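Walk through this fold by following its side chains. Start with what is packed inside, then turn to what pairs by charge.

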Amino acid sequence: MMSPEPLGTPSDESASPPWEASDVELLHAIASGSEPAFEELRGRYRRAVERVCRAVASSEREDCEQEVFARIWSKAALFDPARGSAAAWLLTLARRTALNQLAARRPPMPLDHEQTAGRVEPTDVDAFWLETALQRLSEQERTVIELAYYGDLSESAIARRLRAPLGSVKSWKRRGLNRLATLLEEESP
C-alpha cells in the first residue's frame, strides 16, 4: 500500500505532486487519509462527476457532486484494481450516488389509510423470508453473502478479511446463493 507522504502538501493551489501518481495510487493514498491525494483525484475527475450528476440528478447536481466525493473519501479502501479500473469504479460510484439521490427525491405514493390498515407490506414479508433463509445457511455461506451484498465487498476483499483462500470464498458464495434461492422458492406462495 502506498504511503500518503510522497504526494506532500502543496504550498499553493497550483502546485502539483512531485511525481505523477496513478489513479490507483491516489485511491490507496486516500484510503490512508491523504488529503493532497484526494484533491489531486478530485481535480482529475471533477468534470466527469459533474457530467454524471447533471445527466442523472440535474437540479441536485451540486449536492450530488459533494456526495460523490464524500463517498470516494470514505470508500477508497473498497477499491479493488482486480475488479476494474479506478475510473470505472469512480464513475460507477458517481452514477449510483446520483441514482440514489434521484430515488430519494421522488414523492411518496399516496396511500389510502383504510386499505392498508393492519396489512403487512410485501417488502417486510420479503425481508423476513430473506433473513430467515440466511439464518439457515452455514456460517461461512451466510458471512460471505452478507459481506458481498450488505458490505459491498469483492470476493478478493472477503478472502482477505476472512483470511480464507479465494477459491473457498467463491465456493461458499456460490453454494450459499444456490441454497438461498432454493429456500426462498420453498417459501414463496
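What follows treats the nonpolar cores, the disulfide, the aromatic rings and the salt bridges in turn. The model is predicted.

Begin with the nonpolar packing. In soluble globular proteins, nonpolar side chains tend to be buried together. Here the largest nonpolar core has 24 residues. Its most connected members are Leu27, Ile30, Leu41, Val49, Cys64, Val68 and Ile72. Which elements give two or more residues to this core? They are helix H1 (23-31), H2, H3 and H4. H2 supplies the largest share, 8 residues.

Ile72 gives a good view of how this packing is built. Set aside its neighbours within four places in sequence. Ile72 is then in contact with Leu27, Ile30, Phe38, Leu41, Leu90 and Leu93. Three of those names, Leu27, Ile30 and Leu41, also appear among the residues with the most contacts inside the core. A further core lies apart from this one. It has 10 residues, among them Leu147, Ala159, Val169 and Trp172.

Now take the disulfide. The structure holds 1 disulfide. It joins Cys53 to Cys64, with the sulfur atoms 2.2 Å apart. Cys53 lies in helix H2 and Cys64 in helix H3, so the bond ties together parts that are 11 residues apart in sequence. What is its handedness? The torsion about the S-S bond is about -65°, so the disulfide is left-handed. Cys53 has 0% relative accessibility and counts as buried. Cys64 also stands at 0% and counts as buried. Cys64 is, in addition, one of the residues with the most contacts inside the largest core.

Next come the rings. The structure holds 3 aromatic pairs. One of them is Phe38 with Trp73: the ring centres are 5.3 Å apart and the planes meet at 80°, so the pair is edge-to-face. This pair links distant parts of the chain. Phe38 sits in helix H2 (residues 35-57) and Trp73 in helix H3 (residues 61-75), 35 residues apart. Are the two partners buried or exposed? Phe38, at 10% relative accessibility, counts as buried because the limit for that class is under 20%. Trp73, at 35%, counts as partly exposed.

Phe79 and Trp89 form another edge-to-face pair. Their centres are 5.7 Å apart, with 65° between the planes. This pair, too, links distant parts of the chain. Phe79 is in the loop between H3 and helix H4 (86-105), and Trp89 is in helix H4, 10 residues apart. Phe79 is buried, with a relative accessible area of 5%.

Return to Phe38 and Trp73. Together with Phe69 they form one aromatic cluster. A charge also meets this cluster at Phe69. The charged end of Arg42 sits over the ring of Phe69, 4.8 Å from its centre.

That leads to the charged pairs. Side chains of opposite charge can pair when their charged atoms come close. The structure holds 8 salt bridges. Look at helix H2, where Glu50 has two partners, Arg46 and Arg54. Arg46 and Glu50 meet at 2.9 Å, N to O. They are 4 residues apart in helix H2, so about one helical turn separates them. For Glu50 and Arg54, the closest N and O atoms are 3.8 Å apart. These two are also 4 residues apart in helix H2, which means a separation of about one helical turn. How accessible are the three residues? Glu50 counts as buried at 17% relative accessibility. Arg46 is partly exposed at 35%, and Arg54 is partly exposed at 45%.

Another bridge reaches between helices. The side chains of Arg175 and Glu141 meet at 3.6 Å, N to O. Arg175 lies in helix H9 (residues 166-187) and Glu141 in helix H7 (residues 139-149), so the bridge ties together parts that are 34 residues apart in sequence. Arg175 is partly exposed, with a relative accessible area of 44%. Glu141 is buried, with a relative accessible area of 9%.

One last charged group remains. Glu20, Asp23, Glu40 and Arg44 are linked in a network of salt bridges.

Key: Residues are numbered from 1 along each chain as its sequence is written. This is a predicted model: local features need pLDDT of at least 70, side-chain atom pairs count only at pLDDT 80 or more; totals for chains, interfaces and linings use all residues. Side-chain values use heavy atoms; hydrogens and water are left out. Rings of Phe, Tyr and Trp (its six-membered ring) pair if their centres lie within 6.5 Å; planes under 30 degrees apart count as stacked, over 60 as edge-to-face and the rest as tilted. Buried means under 20% relative accessible area, exposed over 50%, partly exposed in between (1.4 Å probe, protein chains only). A charge sits over a ring if NZ of Lys or CZ of Arg is within 6 Å of the ring centre and within 35 degrees of the ring normal. A disulfide is a pair of cysteine sulfur atoms within 2.5 Å. A nonpolar core is a set of buried Ala, Val, Leu, Ile, Met, Phe, Trp, Tyr and Cys residues joined through side-chain atoms within 4.5 Å. Contact means heavy atoms within 4.5 Å. A salt bridge is a side-chain nitrogen of Lys or Arg within 4 Å of a carboxyl oxygen of Asp or Glu.
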